Amino acid sequence: MNRPFNFSAGPAAIPVEVLQQAAADMLDWQGSGMSVMEMSHRGKEFISIYEQAEADLRELLAVPPEFKILFMQGGGLAENAIVPLNLSRAGAVDFVVTGGWSQKSAKEARKYASEVRLAASGEQAGFTSIPAPSSWQLARGTSYVHICSNETIHGVEFQELPDLKALGCDAPLVIDFSSHVASRPVDWSRVGLAFGGAQKNLGPAGLTLVIVREDLLGHALPTCPSAFDYRVVADNQSMFNTPPTWGIYIAGLTFQWLKRQKEGELTGIAAMQARNIAKAELFYNFVDQSQFYLNKVAGNCRSRMNIPFFLRDESRNQAFLDGAKARGLLQLKGHKSVGGMRASLYNAMPLEGVQALIAYMREFEQSQA
Ligand SMILES: *Cc1c(COP(=O)(O)O)cnc(C)c1O
């Protein structure tokens, strides 16, 4: 099926096979006579959807048994409060600020933690690089260390998660992996908790994924809402309250799509990673050799998922966007805090989409000469 290429940062493109399956199931899911949206979350039909989704995700991301997978609501922004409500123990917490999202997270945590410390910040450098972990000022006795492992707005990504133990810190690492979950493997030995909204790389808005090590459960502040207490959510298989059933179903179809993906010998997330590397390299190489376009992020932390780029002559921005849209290249406008353009190359973006974008960018440059 021929659809435009959608470069939105989120909610973002969903694999067309997933949308087609959802359309086919819409009125009658597998002979049940019901749409998934109409099912009791406690009925055997939905329980089977939920169990399959959880098992597929655990397999895809190689989530170890000592981690719980929670399907929650509220998005990444709610987790900015829910994480400190559960993990701060009303003590101090450390943040590494590398862009707009970790900055937001640190601000929200101040409402719940007794102290929010800035262990390192990339702000001086305009969030175009990540301070080296060896330079982080991690405080003794911190309850956790928060990073955003892919900064959706500024386009910086941790190519390797920090090893806090090697830095002399025993606290759990919290990662906001909203915008690169399922684009690459996760080194769970370095992670205490990972959270992410689904609407970037897993499915529709409304579902929030939390993967948390079991020993971190059960320490919520007394004021923590029960529906946001990880212990309560885990003990009830994410069904303390009605979970986002439609989001879980679409994410489940996406997990099955991911399991079917192959790239040479590679399958699943490894295949996606190889494809994502190829897409990002193609795009960065094109921008780097250009006198017309520009990306400002340091080479060792360039995001594979979200690529902010600029026309050196910004007066041509609107013409660029109009021409792109006319060619079926959608939602390329950059975030308002950064300006310029942004191409989000999530899992659902095929290599052909990146090739089409580059072809258009060449053509646009020539048309402006
Ligand atoms: C999109 C995004 C969020 C916010 O998610 P909401 O669902 O809008 O709350 C948080 N963190 C990162 C890294 C994001 O990309």
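**Entry 1: the loop after β1.** I began with P11, which I found in the loop between β1 (5-6) and α1 (16-25). The model I am reading is a predicted one. I looked up the peptide bond that joins G10 and P11 and noted that it is cis. Its omega is about -10°. For context I recorded that most peptide bonds are trans.

**Entry 2: the loop after α3.** I next turned to R89, located in the loop between α3 and β3 (92-97). I asked which sign phi takes at R89, positive or negative. The value is positive, about 50°, although R89 is not a glycine. Most residues other than glycine have a negative phi.

**Entry 3: the surroundings of the ligand.** I listed the residues that surround the ligand. G75, G76 and L77 belong to this shell, as do W101, C148, N150 and T152. I completed the list with D176, S178, S179, Q199 and K200. I then asked which helix gives the largest share of the shell. Helix α3 (residues 75-87) does, with 3 residues. By character, I counted 3 nonpolar, 7 polar and 2 charged residues in the shell.

**Entry 4: polar contacts and burial of the ligand.** I looked up distances from oxygen atoms of the ligand to polar atoms of the protein. For T152, an N or O atom of the side chain is 2.4 Å from a ligand oxygen. For Q199, a polar side-chain atom lies 2.8 Å from an oxygen atom of the ligand. For G76, the partner is a polar backbone atom, at 3.1 Å from a ligand oxygen. I then noted that the ligand, taken alone, exposes 390 Å². The protein buries 86% of that area.

**Entry 5: the two domains.** I consulted the domain assignment of the chain, which gives domain 1 (17-258) and domain 2 (266-367). The centres of the two domains, taken over C-alpha atoms, are separated by 26 Å. I noted 23 residues from domain 1 and 24 residues from domain 2 in the contact.

**Entry 6: the area between the domains.** I asked how much area domain 1 and domain 2 bury between them. The value is about 2000 Å², and 56% of it is on carbon and sulfur atoms. On the side of domain 1, I identified T128, I153 and S183 as the residues that lose the most area to domain 2. Together these three account for 24% of what that side buries.

Notes:
Residues are numbered from 1 along each chain as its sequence is written. This is a predicted model: local features need pLDDT of at least 70, side-chain atom pairs count only at pLDDT 80 or more; totals for chains, interfaces and linings use all residues. Side-chain values use heavy atoms; hydrogens and water are left out. A residue is near a molecule or strand if one of its heavy atoms lies within 4 Å of it. A polar contact is a pair of N or O atoms within 3.5 Å; within protein, one must be able to donate a hydrogen and the other to accept it, and residues adjacent in sequence count only if both atoms are side-chain atoms. Accessible areas come from the Shrake-Rupley method with a 1.4 Å probe; for residues, only the protein chains shown count as cover. Helices (H or I, at least four residues) and strands (E, at least two) are DSSP runs, numbered from the N terminus. Ala, Val, Leu, Ile, Met, Phe, Trp, Tyr, Cys and Pro count as nonpolar, Asp, Glu, Lys and Arg as charged, and the others, Gly among them, as polar. Domain bounds come from an automatic or database domain assignment. Contact means heavy atoms within 4.5 Å. Buried area is the accessible area (1.4 Å probe) that two parts lose on being put together, summed over both.
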